[in-house]
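Got your viewer open and a cartoon view ready? Let's walk through this one stop by stop.

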Amino acid sequence: MIQTDMIVDAKGLACPMPIVKTRKAMKELAPGNVMEVQATDKGSTADLKAWATSAGHQYLGTTEQDGTLTHYVRKSNADEIQEKTYPHIVSNEELETLLTNRAEIILLDVREEAEYAFGHIPGAKSVPLGDLDADLSIDKDSLIYVICRSGSRSDLAAQKLTNAGFVNVKNVVPGMSGWNGALEKSM
């Protein structure tokens with residue numbers, strides 16, 4: 001059994017709430033201590049791993065039992081923590097102008113499949129953040145715009161893509177929560 005210093009119950013919560021609860025609880029945890037995050041959202045593994053990495057904390061691993069994922073994250077010391085945010089952002093309005101002018105871009109929607117199904121930008125490709133490590137078969141020089149609900153998951157996705165060698169990646173902020181353009185459903 002793994003010894004932990006704090007348990008966060010995120011069972012029954014969908015993305016991005018396991019990360020939101022973890023981030024909030026992490027502020028209360030002492031440096032070097034280990035947090036256990038219990039979740040049922042299958043995407044929480046990739047999401048927590050990506051968040052911990054970008055925030056400078058150490059993702060230790062995940063176990064699964066009876067449908068509950070138990071994630072372990074070690075809080076880094078102050079000199080280890082430097083949460084990175086992706087510097088190349090565009091607004092929803094800039095994205096809408098590009099789409100209206102039929103610019104040749106690839107729009108990746110990194111929300112979960114259910115979020116995408118209930119409303120997405122026409123032409124957007126659904127690649128949930130947890131699936132982003134899979135081969136995208138996209139030219140690394142393509143102009144890629146990444147969108148999620150609020151800009152947080154797309155920030156992590158943009159960092160992942162850039163680290164994988166993609167050179168023209170933009171994060172759309174504030175994302176679908178502020179999108180006023182055309183929508184389509186795929187249910």
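What follows is a short tour of the sheet and the helices around it. Keep in mind that you are looking at a predicted model.

**Stop 1: the sheet.** Select the four strands and look at how they line up. They make an open sheet, and reading across it the order is E1-E2-E4-E3, with mixed pairing. Now pick out E1 (6-10) and E3 (58-65): these stand at the edges with a single partner strand each, so one side of each has no neighbour in the sheet. Looking across the sheet, you'll find neighbouring strands turned against each other by 20° on average, ignoring direction.

**Stop 2: E2 beside E4.** Next, select residues 34-39 (E2) together with residues 68-74 (E4). These two strands run in the antiparallel sense and share six bridges. To see the pairing residue by residue, show Val37, which stands opposite His71 in E4. Then show Val34, whose bridge partner in E4 is Arg74.

**Stop 3: E4 and its other partner.** Stay on E4 and bring in E3. This pair is antiparallel too, over seven bridges. Click on Gly61 and look for Tyr72, its bridge partner in E4. Follow the chain round the hairpin of E3 and E4, where two residues sit between the strands; there Asp66 takes a positive phi near 55°.

How many of the seven residues of E4 are buried? Six of them are, so E4 is largely enclosed by the rest of the structure. The cut-off for buried here is under 20% relative accessible area.

**Stop 4: helices on the sheet.** Select residues 17-26 to light up H1. This helix lies across E1, E2 and E4, and runs at about 155° to E1. Then switch to H2, residues 44-55, which packs on the sheet and touches E2, E3 and E4. Line up your view with E4 and check the direction of H2: the two make about 5° with each other.

**Stop 5: H2 against H5.** Keep H2 on screen and add H5, residues 152-163. Their axes are 10 Å apart and the helices pack at an angle of about 75°. That makes H2 roughly perpendicular to H5.

Which residues make the contact? Show side chains for Asp47, Ala50, Trp51 and Ser54 on H2, then for Leu156, Gln159 and Lys160 on H5. Colour by class and you get three nonpolar, two polar and two charged residues in the contact of H2 with H5.

Conventions: Residues numbered from 1 in each chain as written. Predicted model: local features only at pLDDT ≥ 70, side-chain atom pairs only at ≥ 80, totals over all residues. Heavy atoms only, no water. Pairing = 2+ DSSP bridges. Axes fitted to C-alpha atoms, helices over the stretch in contact; angles between N-to-C directions. Contact = heavy atoms within 4.5 Å. Buried < 20%, exposed > 50% of the residue type's maximum accessible area, 1.4 Å probe, protein only. Parallel < 35°, antiparallel > 145°, perpendicular 65-115°, else oblique. Nonpolar A, V, L, I, M, F, W, Y, C, P; charged D, E, K, R; others polar.
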